[in-house]
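Please open the model in your viewer and keep the sequence panel at hand. The stops below are meant to be selected one after another.

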Amino acid sequence: MIQPAPAKLNLALHVTGRRADGYHLLDSLVVFARHGDAVEVVPGASALTVDGPFAGDVPVGADNLCLRAARTMGTGARIHLTKNLPVASGIGGGSADAAAVMRALAAQGHALPADPAALGADIPVCLAGQPARMRGVGERLDPVPEVPALPIVLVNPGIPLSTPAVFKALQRRDNSPMPEPDWHDADSLIGWLGKTRNDLQPAAISLAPAISEVLTALEGQGARLSRMSGSGATCFGLFDDADSAARAARALARPDWWVVASELASGPVRGYTSTATV
Ligand code: ATP
């Protein structure tokens, strides 16, 4: 069976502290897009094959997160990964892939790892697979009000950003937490998001100024809110309707940018609907 590994988006991401061991404490609203990678997991000796537009950018050896996920569950597996998401781009592709492998192996009778966060901060939320408030170092997940299925446009300027490098460039690590999640429709969600931030955005822009250009371009195409996800450089724009999102995606197309029109998932993503990659 093919498991979707949807792109993770941090609609808001506050950096609220740092533990003695160096890990950062976060407070983030995490949602998923109806677009992403896909994995197929078959019992057998460990092996990984990769195809898809970004196949050339992922390590295919034992350090691939798909194979590492299987190892943490004490088993090997034959895995095929379709890599549709740009690598090192703030939308958690590797974590989504690892979580999808874990889900597939769990469906085949293997026990999930006791501490999935040990493999990556975003893995618990990717395993949960639905909108959540994520705190601590990624291990603390709380439910949030239903997130409306808003049309989105994702844009990556083609510059990979290392997560540790972005955290290192942070000016402040003791920022305020997010306000209490409180919305009941698209307007109130966008209003609530207006009171939040991505604290990693200025640090990422200092390393990759093209992010500012992407955010300005999304606003210029009518996004109601545009922001960077995770440690970047992928940015998202929220739109009123699917037609405006598709139009914006077409207008934003550039040879060096990855641009996708999709939709936020209100609940678990079981498969992908049609999405436009420009
Ligand atoms: P996050 O938003 O969780 O910080 P990201 O989108 O910035 O993640 P990933 O695409 O998950 O970053 O890639 C992070 C690193 O993991 C890359 O340097 C890549 O070489 C490595 N990696 C290992 N396995 C995978 C995989 N299956 N897919 C993508 N990257 C992988």
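The tour begins at the ligand, moves on to the annotated segments, and ends at two backbone details.

Before selecting anything, note that this is a predicted model, in which local features need pLDDT of at least 70, side-chain atom pairs count only at pLDDT 80 or more, and totals for chains, interfaces and linings use all residues. Residues are numbered from 1 along each chain as its sequence is written, and side-chain values use heavy atoms, with hydrogens and water left out.

Select the ligand and the residues around it (those with a heavy atom within 4 Å): there are 21, and Lys 8, Leu 65, Ala 88, Gly 94 and Asp 122 come nearest. Coloured by class, this shell shows seven nonpolar, nine polar and five charged residues, where Gly counts as polar, and Asp, Glu, Lys and Arg count as charged. Helix H2 (residues 93–107) contributes the most to the shell, with four residues; helices here are DSSP runs of H or I with at least four residues, and strands are runs of E with at least two.

Next, display the polar contacts (pairs of N or O atoms within 3.5 Å). An N or O atom in the side chain of Lys 83 is 3.0 Å from a nitrogen atom of the ligand, while one in the side chain of Thr 163 is 3.1 Å from a ligand oxygen atom. At Ser 89 the partner is a backbone N or O atom, which lies 3.3 Å from an oxygen atom of the ligand. Of the 620 Å² of accessible area that the ligand has on its own, the protein covers 79%, as computed by the Shrake-Rupley method with a 1.4 Å probe.

Now select residues 66–112, which UniProt, in an unreviewed entry, lists as "domain: GHMP kinase N-terminal". This span is 47% helix and 11% strand, and its end C-alpha atoms lie 14 Å apart. Within the loop between strand S4 (78–82) and H2 you will find Pro 86 and also Ala 88.

Stay on Ala 88 and inspect its backbone: phi is near 55°, a positive value in a residue other than glycine. Finally, move to the loop between strand S8 (225–228) and strand S9 (235–238), where Ala 233 lies. The peptide bond from Gly 232 to Ala 233 is cis, with omega near 10°. Both stops merit a second look because most residues other than glycine have a negative phi, and most peptide bonds are trans.

Methods: Polar contact = N/O pair within 3.5 Å; in protein donor to acceptor, adjacent residues only side chain to side chain. UniProt positions renumbered as here; feature names shortened; annotations may be inferred.
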